[in-house]
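Dear colleague,

I am handing over the structure below, and I would be glad if you could look through it alongside the notes that follow.

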Amino acid sequence: MKIEIYQFRQGEKTWNLTNQRKDLMYKGSLYKSVPGLDRTDIEDESIEKCDFETTVPQIPILNNQNEDLVALFNNRIYLESVYLTLIELTKNNSNPDGYDSLVLFMGRVTHPKFNDEEEILTLNCSTSESYLKRNILVKKFQRVCPNNIYDRWCGLNFNDFAFEATITAINGMTVTFAVSTTQAKDEEGNPLFDEHDNPVMETKTYSADYLVNGLLNKAGVYTQITASSTNAARLYREHAGLKVNDKVWFAPGCDQSLKVCQEKFNNGRRYCGHPYMPSENPTRTELIK
């Protein structure tokens, strides 16, 4: 009987899963059974050329550190790729591991699709080889910046702009929060102290639209913010496991304009938009004089 095991990885985080009815031990690692874990056919079952989809239920799928795999895909902005290795095992008692193994796929998750009616998550997966051979539009020639805030092309560090807050209420996709008190800093970023050498504390306030298109982070899982007010934010999707009284981190968003990029983040040197591009193609509408 053939058995399939799935090894998902994001940075140092790993999830070892199997589509079998019971958990499986293989090479010293426990592969947890996930009911409903399935996949489409892999053409020729070759790691050099393959696009396929795997489906998982929309339930918490936890690793040994209680980190949720499904929650990684709540956000439309992926700051770090998720990789998948799919291995087929065949029982063989003469093998020291107890199985003969065949790697069916090695690649990364390129696109998640949530089906809330059927409560499943479909992950489109591609190998690096097939990804590199595609003819894709890498960067658009457009007025606004094509980068996503805090990604590697934007270059901003989430932690440099994030502030801590406590969740005070949750209503559907809207979360209400209270900003945590922090030590005040001077214009150069140095912490301030009073005449008795005690830290000067402050509770910062932010404008109503400060967090629009920004991110909420809890335990390394990011969720995008679509709307905000001074003490509330509306999320793109429900953040898995988020509860009242949780400590989280918020970071502001960008509308991808040069003005906001420079004035809000002082990041104009990395701006990749073309705000001064003509509205018409000059090669078609004008003659060289």
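**The enclosed cavity**

The largest cavity is lined by Phe163, Phe177, Tyr206, Ser207, Tyr210, Leu211, Ser228, Ser229 and Thr230. Please keep in mind throughout that this is a predicted model. Of the residues in that lining, 5 are nonpolar and 4 are polar, while no charged residue takes part. The volume of this cavity comes to about 40 Å³, and a search of the whole structure with a threshold of 30 Å³ or more returns 1 cavity. The reasoning behind such a search is that rolling a probe the size of a water molecule over the atoms shows where empty space is left.

**An open pocket**

The second largest pocket has a volume of about 440 Å³, and its lining is made up of 21 residues, among which Thr182, Gln183, Lys185, Lys204 and Tyr206 lie nearest the centre. Two or more residues of this lining come from each of helix H2 (158–161), strand S10 (163–171) and strand S12 (182–183), and H2 gives the most, with 3 residues. In contrast to the cavity, whose lining holds no charged residue, the lining of this pocket divides into 8 nonpolar, 5 polar and 8 charged residues. Tyr206 belongs to the lining of the largest cavity, and Tyr206 is also listed among the residues nearest the centre of the second largest pocket.

**Thr203 and its partner**

Thr203 sits in the loop that runs between strand S13 (201–202) and strand S14 (215–218). With a relative accessible area of 48%, Thr203 is classed as partly exposed, because the class of exposed residues begins over 50%. Once its neighbours within four places in sequence are set aside, Thr203 is in contact with Val179 and Thr181. The C-alpha atoms of Thr203 and Thr181 are 4.5 Å apart in space, although the two residues are 22 residues apart in sequence, and their side chains are joined by a polar contact of 2.9 Å.

**Cysteines without a disulfide**

How many disulfides does the structure hold? The count is 0, and two cysteines illustrate the reason. A disulfide is a covalent bond between the sulfur atoms of two cysteines, and for the present purpose the sulfur atoms have to lie within 2.5 Å. The sulfur of Cys145 has its closest cysteine sulfur in Cys272, at 5.0 Å, which is too far for a bond; Cys145 itself is buried, with a relative accessible area of 8%. For Cys261 the closest cysteine sulfur is that of Cys254, at 5.7 Å, and this is again too far for a bond, while Cys261 is likewise buried, at a relative accessible area of 7%.

**Gln10 and the chain as a whole**

Gln10 is part of strand S1 (residues 2–10), and it counts as buried because its relative accessibility is 11%, which falls under the 20% limit for that class. Not counting residues up to four places away in sequence, Gln10 touches Trp15, Leu72, Glu80, Ser81 and Val82.

Taken over its full length, the chain has 4 helices and 17 strands, and buried residues make up 38% of its 289 residues. Among the contacts in the chain with a separation of 6 or more, 54% are accounted for by residues 24 or more positions apart.

With kind regards

Technical notes
Residues are numbered from 1 along each chain as its sequence is written. This is a predicted model: local features need pLDDT of at least 70, side-chain atom pairs count only at pLDDT 80 or more; totals for chains, interfaces and linings use all residues. Side-chain values use heavy atoms; hydrogens and water are left out. On a 1 Å grid over the protein atoms alone, a cavity is a set of points where a 1.4 Å probe fits but cannot get out, and a pocket is an open set with protein on both sides within 12 Å along at least five of seven lines; lining residues have an atom within 4 Å of a point. Grid points are joined across faces, edges and corners, and a volume is the space filled by probe spheres set on the points. Ala, Val, Leu, Ile, Met, Phe, Trp, Tyr, Cys and Pro count as nonpolar, Asp, Glu, Lys and Arg as charged, and the others, Gly among them, as polar. Buried means under 20% relative accessible area, exposed over 50%, partly exposed in between (1.4 Å probe, protein chains only). Contact means heavy atoms within 4.5 Å. A polar contact is a pair of N or O atoms within 3.5 Å; within protein, one must be able to donate a hydrogen and the other to accept it, and residues adjacent in sequence count only if both atoms are side-chain atoms.
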